Amino acid sequence: MKTRPRDLERLKSVTEAAWLTASQKLREKADEERAATERLKKLAQDREAALQQITSAEGIDVAQVLSTTRWLRWCDRERARQNMVVARLRAELEQEQGAARRTFAKDNALSKLIIQAAAGKKGR
């Protein structure tokens with residue numbers, strides 16, 4: 001029984017390191033998802049501005065209309081691609097959240113075991 005508190009402390013350092021790694025990965029995935037969502041939002045704003053430009057201009061040139069419609073087609077394809085990226089990142093984020101929850105639970109449970117072991121040692 002002598003080595004148990006020491007073993008628990010060693011195991012605690014391992015679970016803390018795993019928790020720090022998992023939380024860092026989670027933070028990185030959340031940042032990636034946020035950036036992709038921002039790109040999608042910016043694309044939607046640019047699309048709206050282009051539509052406003054061709055619908056509100058009175059003396060608009062045909063070449064400008066053709067150019068804008070080509071850009072709008074590209075924009076629609078890009079939005080579809082970005083939506084897929086956001087969906088993939090959200091799925092990856094959900095996986096990272098699950099891994100982080102499990103790692104945190106292990107670290108938390110080990111902390112409780114260490115406290116119980118210390119309380120048991122004091123009671124002797």
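**Exercise 1: Aromatic pairs**

Find how many aromatic pairs this predicted model holds, and work out whether W71 and W74 are stacked, tilted or edge-to-face.

*Solution.*
Step 1. Start with the count: there are two aromatic pairs.
Step 2. Look at the rings of W71 and W74, whose centres are 6.1 Å apart. The cut-off for a pair is 6.5 Å between centres, so these two rings qualify.
Step 3. Now turn to the angle. Planes under 30 degrees apart would be stacked and those over 60 edge-to-face. The planes of W71 and W74 stand at 40°, so the pair is tilted.
Step 4. Place the two residues along the chain. Both W71 and W74 belong to helix α2, three residues apart, which is about one turn of the helix. Residues three or four places apart in an α-helix point the same way, because each turn takes 3.6 residues.
Step 5. Finish with accessibility. W71 has a relative accessible area of 29% and is partly exposed; W74, at 38%, is partly exposed as well.

**Exercise 2: The length and the start of α2**

Compare the expected span of α2 with the distance between its end C-alpha atoms, and then find the residue that caps its N-terminal end.

*Solution.*
Step 1. Helix α2 covers residues 62–122, and that is 61 residues.
Step 2. At 1.5 Å a residue, the helix should span 90 Å.
Step 3. In the model, the end C-alpha atoms of α2 are 86 Å apart, which agrees with the expected span.
Step 4. Now go to the N-terminal end of α2. The cap is D61: one of its side-chain oxygens lies 3.3 Å from the backbone nitrogen of A63.

**Exercise 3: Salt bridges within a helix and between helices**

For the salt bridges R34–D31, E38–K41 and D76–R47, decide where the partners sit and whether they are buried, partly exposed or exposed.

*Solution.*
Step 1. Get the overall number: the whole structure has 13 salt bridges.
Step 2. Take R34 and D31, whose side chains meet at 2.5 Å, N to O. Both lie in helix α1 (residues 4–56), three residues apart. To be partly exposed, a residue needs a relative accessible area between 20% and 50%. R34 has 48%, so it is partly exposed, and D31 falls in that class too, with 40%.
Step 3. Move on to E38 and K41, with an N to O distance of 3.4 Å. They are also three residues apart in helix α1, so about one helical turn separates them. E38 is partly exposed at 44%, and K41 is partly exposed at 45%.
Step 4. Now try D76 and R47, which meet at 2.9 Å, N to O. This pair links distant parts of the chain: D76 is in helix α2 and R47 in helix α1, 29 residues apart. D76 is partly exposed at 34%, and R47 is partly exposed at 23%.
Step 5. Look for shared partners. Salt bridges of this kind join K29, E32, R88 and E92 into one network.

**Exercise 4: The largest nonpolar core**

Name the residues of the largest nonpolar core and find which element gives the most to this core.

*Solution.*
Step 1. List the members: A36, L40, V85, V86 and L89, five residues in all.
Step 2. Assign them to elements. Two or more of the residues come from each of α1 and α2.
Step 3. Compare the shares: α2 gives the most, with three residues.
Step 4. Zoom in on L40. Leaving out residues up to four places away in sequence, L40 touches R79, Q82, N83 and V86.
Step 5. Add some background: nonpolar side chains tend to be buried together in soluble globular proteins.

**Exercise 5: Two residues of α1**

Decide whether K12 and Q53 are buried or partly exposed, and list their contacts beyond four places in sequence.

*Solution.*
Step 1. K12 is in helix α1. Buried means under 20%, and K12 has 11%, so K12 is buried.
Step 2. Beyond its sequence neighbours, K12 is in contact with D107, L110, S111 and I114.
Step 3. Q53 is in helix α1 too. With 38% relative accessibility, Q53 is partly exposed.
Step 4. Beyond its sequence neighbours, Q53 is in contact with I60 and Q64.
Step 5. As a last check, locate Q53 relative to W71: the two are 18 residues apart in sequence and 13 Å apart in space, C-alpha to C-alpha.

Notes:
Residues numbered from 1 in each chain as written. Predicted model: local features only at pLDDT ≥ 70, side-chain atom pairs only at ≥ 80, totals over all residues. Heavy atoms only, no water. Salt bridge = Lys/Arg side-chain N within 4 Å of Asp/Glu carboxyl O. Helix = DSSP H or I, 4+ residues; strand = E, 2+ residues; numbered from the N terminus. Buried < 20%, exposed > 50% of the residue type's maximum accessible area, 1.4 Å probe, protein only. Phe/Tyr/Trp six-rings, centres within 6.5 Å; stacked < 30°, edge-to-face > 60°. Expected span 1.5 Å × (residues − 1). Polar contact = N/O pair within 3.5 Å; in protein donor to acceptor, adjacent residues only side chain to side chain. Contact = heavy atoms within 4.5 Å. Core = buried A, V, L, I, M, F, W, Y, C linked by side-chain atoms within 4.5 Å.
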